[in-house]
Amino acid sequence: MMKSALKNLRTSLWSAPDPVLAGAGTSGELLVAKIRLSLSVLLLLIPVADSLIAPVDRQEALIGFSLTIGTFVFSGCAYLFVAREYNPPWLSFVTSTFDVTLVSAALAMFFVFNHPHTAINSKVVFEGYFLAICGTSLRYDRRLCITAGLLTLIQYFAIVYYATSRWDLNSITFSPFPYGMFDWGTQISRLILLLSASIISFALVSRTQKLLRLATSDHLTGLLNRGYVEDRFAIELSRARRYNQPLALVVIDVDRFKSFNDTHGHAAGDFVLRTLAATFRQSFRQSDTVGRYGGEEFVVVMPETDLEMALRKLESLRLAIANDPMEFAATGETLHVTISAGLAGFPHDGANEEELFTIADERLFQAKHEGRNRVVSIPEPVLA
C-alpha cells in the first residue's frame, strides 16, 4: 500500500507533460528564449559602454565581459534550437538551470569585488530568480517547476552560507552598510519567498493540466474527446514525419449499435460504451491516444507502430471482446457485442491527417460491408 502510494505521488509530481501542453510549452520556451536573448544583448552592451565612458579595473572588466559573452552565446544557441523546432525533452531542463544559475552567478560576482552585502541583500539581481521561476510555468512542465525551485533554494542558500563563512558581515569595516547589515531573519524570509514562488508556479501548471483534462474528456466514457484526439493526432503525425517513424490510426465502431439500443435500451448501450472504453484504456499503451470520436465510434492513434503491429493488436482486442460477453447488472442480461475497425498507417497510406482518416474510414466501411466483427488493414484486391 505504502509503495503504491509513493509511486502515485512520484507520478503526480514527476510526470512528463501532456503532448498538447508540451506543444504549448514549446511556444513558451521560444518566448523565454527571446527574452533571454534580448537581455543578454543588453548585458553585453554594459561593459562596452563602461569601458568607453570611464576607465574600469581590468580584472573587473574581463570577468564581466566573459560572463556576458557566455550568456549571449548560450542564449543565441538556445533561441536557434527552439526557433528551428529542435526542442528535445532535455533542452528545457538545461535552459531553466541556466536561467537560475545565471542569477546566482551574477550575485556571486559581487564576492569577487569584495562586496558580500550586495550579493546577499541585492534588491535588483535577486528578483531575477522570480523571473526564472515564472519562466518554468510557461513550459507547462511540473518537473521544471520542481527542478528550478529546488535549484534556486540550494544556490541562494549556498551564496548566503559562503558570505557568512568568509566575512564578518556586521563588522564596522563595512560601515556605513549601503546595502544593509546581515541578519538571518531577512535571508530566511527570502528563501521562503523563493519557495512560495516555486509552489505557485507548480500549482499553476498543475491547475492548467487539470483544466485540460476536464476540457478534453468525454463525459460518458472518460476517454479523450474528438477535438483533443485531432490535436494529438496532428502532433504525433508531425513527430512521425520529423523522425521518419511509422504511425497507425485506428477507427473502431460498435457493430449494430442502433439496433442494440432499440433492443436493450439506452442504459445498456451506455454501459457497453463505458465497458469498451475501459477495455480500450487497459489494452493500449500509455503513449497511444484513445478517444471517443462520437456516438459508438472510437479512434486510436498509435505512434511508432506499423500496420502489421497494429493489426495484431487490433485482432487480439477484437477476439477478446467478441468472446467475452458483458454482464449488465441492472437487468441481469448477458450482452454480446462485437466491433469492426479500419486501420491506416503512415507513411504507407498517406502523409496528412485527412488522408489517413479517410482511408481508415473507408476500411471501417469495408469491414462492415464484409459482415462486421473484423479489422481491415489493407484492402483486398478487386478481382477482374
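**Notebook: salt bridges, surface and overall form**

**Entry 1. Glu315 and its partner.** I began with Glu315, which counts as partly exposed at 25% relative accessibility. The model I am reading is a predicted one. I then looked up what the side chain of Glu315 meets, and found a salt bridge with Arg318, 2.8 Å from N to O. Both residues sit in helix 12 (residues 307-322), and because they are three residues apart there, about one helical turn separates them. Arg318 is buried, with a relative accessible area of 12%. I note that buried means under 20%, so 12% falls on the buried side and 25% does not.

**Entry 2. Other salt bridges.** How many salt bridges does the structure hold? I found 14. I looked at Arg36 next, which pairs with Asp99, the closest N and O atoms being 2.7 Å apart. Arg36 belongs to helix 2 and Asp99 to helix 4 (residues 89-112), so this pair ties together parts that lie 63 residues apart in sequence. Are Arg36 and Asp99 buried or exposed? Both are buried.

I also checked Asp141 and Arg143, whose side chains meet in a salt bridge at 2.9 Å, N to O. Both of these residues are buried as well.

I went back to Arg318 to repeat the value, a relative accessible area of 12%. From there I turned to linked bridges: Glu29, Arg36, Asp99 and Arg139 are joined into one network by salt bridges that share partners.

**Entry 3. Cysteines.** I searched for disulfides and the count was zero. Cys134 is in none, and the nearest cysteine sulfur to its own belongs to Cys145, 9.9 Å away. Why do Cys145 and Cys134 not form a bond? Their sulfur atoms are 9.9 Å apart, which is too far for one. A disulfide needs the two sulfur atoms within 2.5 Å. I compared how covered the two cysteines are: Cys134 counts as partly exposed at 47% relative accessibility, whereas Cys145 is buried at 3%.

**Entry 4. A nonpolar patch.** On the surface I looked for nonpolar side chains that group together. One patch is formed by Leu31, Ile35, Leu39, Val41, Leu42, Leu45, Phe65, Ile69, Phe72, Val73 and Leu138, with about 900 Å² of accessible area together. Helix 2 (19-53) and helix 3 (58-83) are the elements that give two or more residues to this patch. Which element gives the most? I found helix 2 in that place, with six residues. I picked Val41 as an example; Val41 is found in helix 2, and with a relative accessible area of 35% it is partly exposed.

**Entry 5. Backbone details.** I looked for cis peptide bonds and noted two places. One joins Ser175 and Pro176, with omega about 15 degrees. Pro176 is placed in the loop between helix 7 (142-166) and helix 8 (184-216). Another joins Phe346 and Pro347, with omega about 5 degrees. Pro347 is in the loop between strand 6 (339-346) and helix 13 (353-369).

I then checked phi angles. Asn114 has a positive phi of about 60 degrees, although it is not a glycine. Asn114 lies in the loop between helix 4 and helix 5 (116-121) and counts as partly exposed at 44% relative accessibility. For Asn373, phi is near 55 degrees, again a positive value in a residue other than glycine. The loop between helix 13 and strand 7 (375-376) holds Asn373, which counts as partly exposed at 26% relative accessibility.

**Entry 6. The whole protein.** Last, I looked up the overall values. The protein has 13 helices and seven strands. Its radius of gyration is 29 Å, well over the 21 Å that the globule rule gives for 384 residues, so the protein is more spread out than a compact globule. The C-alpha trace spans about 95 × 50 × 30 Å along its principal axes.

What share of the 384 residues counts as buried? I noted 41%. The protein exposes about 20,900 Å², and carbon and sulfur atoms supply 63% of that area. For contacts between residues at least 6 apart in sequence, I found that 74% join residues at least 24 apart.

Key:
Residues are numbered from 1 along each chain as its sequence is written. This is a predicted model: local features need pLDDT of at least 70, side-chain atom pairs count only at pLDDT 80 or more; totals for chains, interfaces and linings use all residues. Side-chain values use heavy atoms; hydrogens and water are left out. Patches are made of residues with over 30% relative accessible area and no salt bridge: like charges are joined within 9 Å, nonpolar side chains (Val, Leu, Ile, Met, Phe, Trp, Tyr) within 5 Å. Accessible areas come from the Shrake-Rupley method with a 1.4 Å probe; for residues, only the protein chains shown count as cover. A salt bridge is a side-chain nitrogen of Lys or Arg within 4 Å of a carboxyl oxygen of Asp or Glu. Helices (H or I, at least four residues) and strands (E, at least two) are DSSP runs, numbered from the N terminus. Buried means under 20% relative accessible area, exposed over 50%, partly exposed in between (1.4 Å probe, protein chains only). The radius of gyration is taken over C-alpha atoms; the globule rule is 2.2 Å times the number of residues to the power 0.38. Contact means heavy atoms within 4.5 Å.
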